[in-house]
Amino acid sequence: MKNKLIIHNIKAIYTSINKPPVKGENMKNIEVINNPYIVIENEKIIKIATGDFSQLKNNNTKLYDAKQKIIIPGLVDSHTHLVFGGSREHEFSKKIAGVPYLDILASGGGILSTVEATKKASFEELYNQAKKSLNEMLLYGVTSLEVKSGYGLDLETEIKQLKVAKKLNENHPIDIYTTYLGAHALPKEYKEKRDEYINQVIKDLQIIKQEDLADYVDVFCEVGVFNAKETEKILKAAKDLNFKLRVHTDEIKSIGGTKVSIDLKAKTIDHLMAINDSDIKLLKESNTIANLLPSTSFFLNKDYAPARKLIDSGVALAISSDYNPGSTPSENYQLTLQISGNKLRMLPNEILTAATINPAYSLDISGKVGSIEVGKNADLLLLDCKNLDYFIYHYGINHTYSVFKNGKLVIEKRRIVGE
Ligand code: NIG
Ligand code: FE
C-alpha cells in the first residue's frame with residue numbers, strides 16, 4: 001500500500017496557478033484556498049480539497065496538523081553565488097565610506113579577492129561553508145536553488161566550485177541547479193590579454209559540458225568587466241554547446257548586454273537597475289525572465305530596478321537573493337522578498353509569483369515545482385503568518401514554521417529535522 005500523508009488544519013493555501021512565464025498584471029493573480037487539506041503520495045500532491053478527509057485515511061496514512069498556518073510553495077531562489085572561500089567584511093568600511101563597487105574590483109579587490117580565497121580553499125572547506133549557508137536558506141523556506149561558479153576564473157577552481165554544488169545537491173534537501181560563470185571578472189594575470197581569457201573560457205565550456213557540471217552559462221556584462229560584444233561571443237559559444245543562458249546585465253550601466261541576451265533567448269537577465277525603455281519592450285515580447293535582485297541594491301546602497309515599470313509594461317519578473325560575499329552577504333531570502341515590497345513597490349501577490357512559478361520556469365522546473373497543484377512535487381512552506389500580506393509586511397524575521405521537500409518534513413518548528 002502506498003504511503004499517504006495528509007496535511008490538515010491549514011488556514012489557507014496561496015499559490016499561483018497561471019501558466020508561466022507569468023507576465024505583467026497576471027503576476028497579481030493568486031489562488032487562495034481557505035481551510036483546505038493536502039494529500040501527498042510518493043512525494044507528489046494528489047489532492048487538494050476542503051471539508052472532511054476521514055474517508056481518505058487508511059492504515060498507512062500519516063497525518064500532519066498544520067495548526068492553522070498558511071502554506072505557500074517552497075521558494076525558488078534562481079540566482080546565487082553559494083560556493084566561495086572566505087568573506088569580504090574587510091571591504092565593508094570602504095563601501096560605507098562611499099568607494100564604488102567597481103573601483104574596489106578595479107584595484108584587485110572585490111570579486112578578485114574572493115577568487116584568491118576560493119583558489120586556496122579545499123573542497124571540504126568550500127563544501128562545509130556552503131552547506132552552512134544552504135541550511136540557512138532551507139530554514140528561510142528555499143527548496144530549489146540556482147548556484148553559480150565564477151570565483152575560480154581558472155578551470156580547476158571553477159570545476160571545484162561546481163563539484164561542491166553538485167555534491168550538495170546529492171546530500172542536501174534543497175535541489176541545486178548549476179551555472180558556469182567563468183566570465184565573472186577578468187583575472188589579474190589577463191589584464192593585458194582580454195581576448196586570450198575569453199577564448200579560454202570558450203574552450204573550457206566544452207569540458208564543463210562533457211563533465212556535465214552545469215546546465216547554464218552566465219556572463220557579467222558591465223563597464224570594466226565584459227562588454228556586450230564579448231558577452232555575445234561567450235553566450236553564442238555556450239548556446240552552440242546547448243547550454244542555457246542567464247546573464248548579469250544592466251547592474252550599474254546599460255551597455256548592450258540586455259539586448260544581446262534577449263536575442264539569444266536567455267532564460268533570465270539579472271539585476272537590471274539600469275535597463276532602458278527599448279530593452280523593456282524587447283523583454284515584454286520575449287519569454288526571458290527579468291530576474292531582480294533587490295538585496296544587492298540594498299547592500300550596495302544603490303538604485304533599485306524599475307520593477308513597477310517592468311510589470312506595468314507586461315514583463316515576467318523573478319526575484320532572487322544573489323547571495324554572495326561582495327554585493328549581498330545574506331541568506332535571508334524572506335528579507336529579499338520583503339525589500340521587494342518596500343523598495344520595488346511590488347504587491348505581495350506579485351512577489352509570490354516572482355519567488356515561485358516564474359523562477360521555476362526560468363530553471364525549466366515549473367512542471368514539477370513552483371506552485372501547489374495536483375501532480376506537482378510536494379515542496380511546501382508553512383508560514384506562521386495570518387495571511388500572505390503579513391508575510392511581506394512583518395519584515396526582517398523568519399516566518400517559517402515548517403518545510404516539506406518532496407513530501408518529506410525537512411524543517412519542523414524552525415529546526416532542521418535530524419540535526
Ligand atoms: O551578482 N555582479 C556580479 N556578481 C555578483 C557579485 C559578486 C561579488 O561581488 O563577489 C553580483 O552582484
Ligand atoms: Fe550575481
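Four strands of this predicted model form an open sheet in the order 5-4-1-6. The pairing in this sheet is mixed. Strand 5 (44–50) and strand 6 (61–65) are the edge strands, and each pairs on one side only. From one strand to the next, the twist averages 20°.

Inside this sheet, strand 1 (residues 4–8) meets strand 4 (residues 36–41). The two pair in the antiparallel sense. Isoleucine 6 has valine 39 of strand 4 as its bridge partner.

Strand 10 (residues 175–183) is another element to look at. It is mostly covered, with nine of its nine residues buried. Strand 10 pairs in the parallel sense with strand 9 (residues 142–148). Here lysine 148 stands opposite threonine 179 of strand 10. Strand 10 also runs parallel to strand 11 (residues 216–221). In that pairing, alanine 183 stands opposite valine 219 of strand 11. The chain passes from strand 10 through helix 6 (residues 194–210) to strand 11, a right-handed β-α-β crossover.

The pairings compare as follows.

| Strands | Sense | Bridges |
|---|---|---|
| Strand 1 and strand 4 | antiparallel | four bridges |
| Strand 9 and strand 10 | parallel | five bridges |
| Strand 10 and strand 11 | parallel | three bridges |

In general, strands of a sheet pair through backbone hydrogen bonds, either parallel or antiparallel.

Now the ligand. Around ligand 1 there are 13 residues. Ile111, Phe220, Asn324, Gly326 and Ser327 come nearest. By class, the shell around ligand 1 holds eight polar, three nonpolar and two charged residues.

Conventions. Residues numbered from 1 in each chain as written. Chains lettered and ligands numbered in written order. Predicted model: local features only at pLDDT ≥ 70, side-chain atom pairs only at ≥ 80, totals over all residues. Buried ≥ 20, exposed ≤ 12 C-beta atoms within 10 Å, placed from the backbone. Pairing = 2+ DSSP bridges. Right-handed = clockwise from strand over helix to strand, strands pointing away. Near = placed C-beta within 6 Å. Nonpolar A, V, L, I, M, F, W, Y, C, P; charged D, E, K, R; others polar. Axes fitted to C-alpha atoms, helices over the stretch in contact; angles between N-to-C directions.
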